[in-house]
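Visitor: I would like a close look at one buried spot in this chain. Please start from a single side chain and work outward.

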Amino acid sequence: MSAPLTLRPYQEAALTDLWGWFTNREGNPLVILPTGAGKSLIIAEWSKLVFETDPSACILVLTHVRELVAQNAAELVGLWPEAPWGIYSAGLGRRDIGAQLLFASIQSIHKKAYNLPRRVDMVLIDEAHMIPRNADTMYGKFLADLKTINPALKIIGLTATPFRLDSGRLDKGEDAMFDGIAHETKVRGLIDDGFLCPPISYRQAAQIDTTGVGTRGGEFISSQLEAAALDQSVINRIADRIAEQGADRRGWLVFGCTIKHCDALCDALTERGFAGAGVYGHTDKRERDRIIADFKAERLRFLVSQGVLTTGFNARHVDLIALARPTKSTGLYIQMIGRGTRLSPETGKANCLILDFGGNIARHGPFDDPAIPDKKSKGEGPAPYKTCPECECVCGTMTAFCPACGFEFPPPDRRVTTRPEQTSVLAVETDWIEVEGVSFQRHEKEGSPPSLRVTYKAGLTVHREWICFEHQGYARTKAESWWMRRGPTPVPKSVGEALARQHQLAVPSHIRVKPSGRYHEITAFRFEPGQLAA
């Protein structure tokens with residue numbers, strides 16, 4: 001028997017949306033979930049659903065680091081102990097190549113497509129942003145081989161960052177592996193709902209000067225960046241600031257520019273009386289495991305890293321992230337901060353302090369709503385922010401309350417603008433808006449099926465969304481998910497049926513919106529306890 005499990009609402013929505021994709025669409029979907037949202041659990045539950053539908057199916061779960069291979073397999077075993085699972089990873093010392101549900105590292109299995117005793121029906125790729133667009137790579141060749149063996153192969157990508165620095169969006173372009181987004185959970189909603197820990201940030205006087213540092217492959221040239229970063233006065237100022245701000249915090253992750261820079265930071269923090277170590281790609285596996293175990297047990301206060309610990313690393317007590325490396329990669333920026341957003345009730349962790357010494361927050365914008373890079377954009381330009389006068393926390397330009405100390409900012413001057421401002425660590429969003437009334441109307445648009453227009457009244461303002469019951473593909477899937485969170489099944493097949501059953505719907509007490517071009521997008525809903533359908 002499988003272990004009892006209660007999924008969070010967004011996890012249920014991810015599974016519903018993914019099932020809807022394969023019911024209504026062709027192609028390979030993406031599932032976008034923030035770091036700490038439980039991708040391993042969704043992989044496990046999805047695999048179980050597939051096997052319940054087709055017991056003969058063969059599923060391969062791929063990723064690029066052994067820690068994620070082990071983590072994903074462990075989640076499955078906890079959910080479904082009798083699953084026909086196995087691991088193929090040299091780093092973990094296992095080669096269960098005949099397993100019907102196989103967790104594998106791409107480095108170990110990429111040459112084994114024609115040696116697998118079973119035809120693979122579905123591949124789930126964790127951290128899908130690690131797949132290069134170039135087909136002449138381990139991922140590209142292996143997946144091409146699997147598709148040659150089984151032209152009906154289905155590929156699902158899971159990631160927190162659906163883009164790459166070198167090629168933009170994973171689902172855009174002629175050579176994109178993925179065909180669209182089946183589900184996306186926004187990080188801001190998980191922070192607001194208490195599923196993730198909020199990051200906070202303060203403007204840092206000490207900064208690594210990138211003036212004159214060149215760019216190669218879209219990223220700062222490491223050798224030139226190292227020369228700027230190794231300025232001893234800057235290292236000392238960064239170490240002083242980390243030691244000062246981290247004195248009452250339990251776990252620090254420090255990301256440096258190069259190994260030499262990381263060693264210098266490690267030495268400087270050690271000289272200030274704190275225990276820690278560096279973790280690098282070349283660190284011996286057993287030594288690396290020992291260091292990480294000591295850190296998780298809080299025998300070490302800090303880890304310094306370059307090139308590792310940005311994916312597949314989970315230490316919930318981390319409450320300080322020091323970005324001591326400038327990066328032009330939005331994905332890397334998000335992954336680094338994401339190491340500190342997991343909850344840790346046992347330590348009383350209330351937030352994660354982000355100390356940015358590389359200008360990354362200004363470069364990339366809000367952690368929860370960053371500027372998405374594309375192949376034509378260089379991603380340059382600062383993101384506006386304001387500083388709390390009480391505690392100097394860096395806040396969004398439209399933030400009403402400081403997330404660190406609660407200071408209430410005076411209301412902004414009303415002015416006409418055509419461009420919404422962005423925040424620094426967390427995106428520009430209004431506070432929760434109380435909903436005074438909800439109405440439903442049929443909406444007609446020439447050349448398209450009708451949709452359900454939902455209007456939320458909030459004082460003198462109204463906000464709208466359109467629910468597409470009669471559309472096909474992703475729009476219909478989203479409509480199904482929308483209804484199932486508010487009303488009883490079955491989901492209406494038409495706008496007319498939805499209007500006839502509108503009395504069955506739970507309506508939100510509050511909504512949250514954000515600017516989206518000329519309009520506002522509804523980004524989150526809040527319902528009163530017990531209001532949602534069972």
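Guide: Start at Lys 39. Leaving out residues up to four places away in sequence, Lys 39 touches Leu 33, Pro 34, Asp 126, Glu 127, Leu 158 and Thr 159. Keep in mind that this is a predicted model.

Is Lys 39 buried or exposed? Its relative accessibility is 11%. The cut-off for buried is under 20%, so Lys 39 counts as buried.

Now place Lys 39 in the fold. Lys 39 lies in helix α2. That helix covers residues 39-53. Next comes the core.

The largest nonpolar core has 63 residues. Four of them touch the most other members: Leu 124, Leu 253, Leu 303 and Leu 309. Helix α2 gives the most to this core, with 7 residues.

Take Leu 124 from that group. Which residues does Leu 124 contact, beyond its neighbours within four places in sequence? They are Ile 43, Trp 46, Ile 59, Leu 60, Val 61, Leu 62, Ile 156 and Leu 158. Leu 158 is on this list, and Leu 158 is also touched by Lys 39. Leu 158 therefore links the two contact lists, one for Lys 39 and one for Leu 124.

Apart from the largest core lies another core, of 32 residues. Its members include Ile 200, Ile 208, Leu 225 and Val 234.

Step back to the whole chain. It has 534 residues, and 52% of them count as buried. The chain exposes about 24400 Å². Carbon and sulfur atoms supply 50% of that area. Consider contacts between residues at least 6 apart in sequence: 67% of these join residues at least 24 apart. The secondary structure comprises 14 helices and 26 strands.

One group of those strands is worth a separate look. An open sheet of 3 strands runs in the order β22-β23-β24, with antiparallel pairing. Strands β22 (437-445) and β24 (461-467) stand at the edges. Each has a single partner strand, so one side of each is left without a neighbour in the sheet. From one strand to the next, the twist averages 25°. Strand β23 spans residues 448-458 and pairs with β24 over 7 bridges, in the antiparallel sense. For one bridge, take Lys 457: its partner in β24 is Val 462.

Methods. Residues numbered from 1 in each chain as written. Predicted model: local features only at pLDDT ≥ 70, side-chain atom pairs only at ≥ 80, totals over all residues. Heavy atoms only, no water. Pairing = 2+ DSSP bridges. Helix = DSSP H or I, 4+ residues; strand = E, 2+ residues; numbered from the N terminus. Axes fitted to C-alpha atoms, helices over the stretch in contact; angles between N-to-C directions. Buried < 20%, exposed > 50% of the residue type's maximum accessible area, 1.4 Å probe, protein only. Contact = heavy atoms within 4.5 Å. Areas by Shrake-Rupley, 256 points an atom, 1.4 Å probe, with all protein chains shown as cover. Core = buried A, V, L, I, M, F, W, Y, C linked by side-chain atoms within 4.5 Å.
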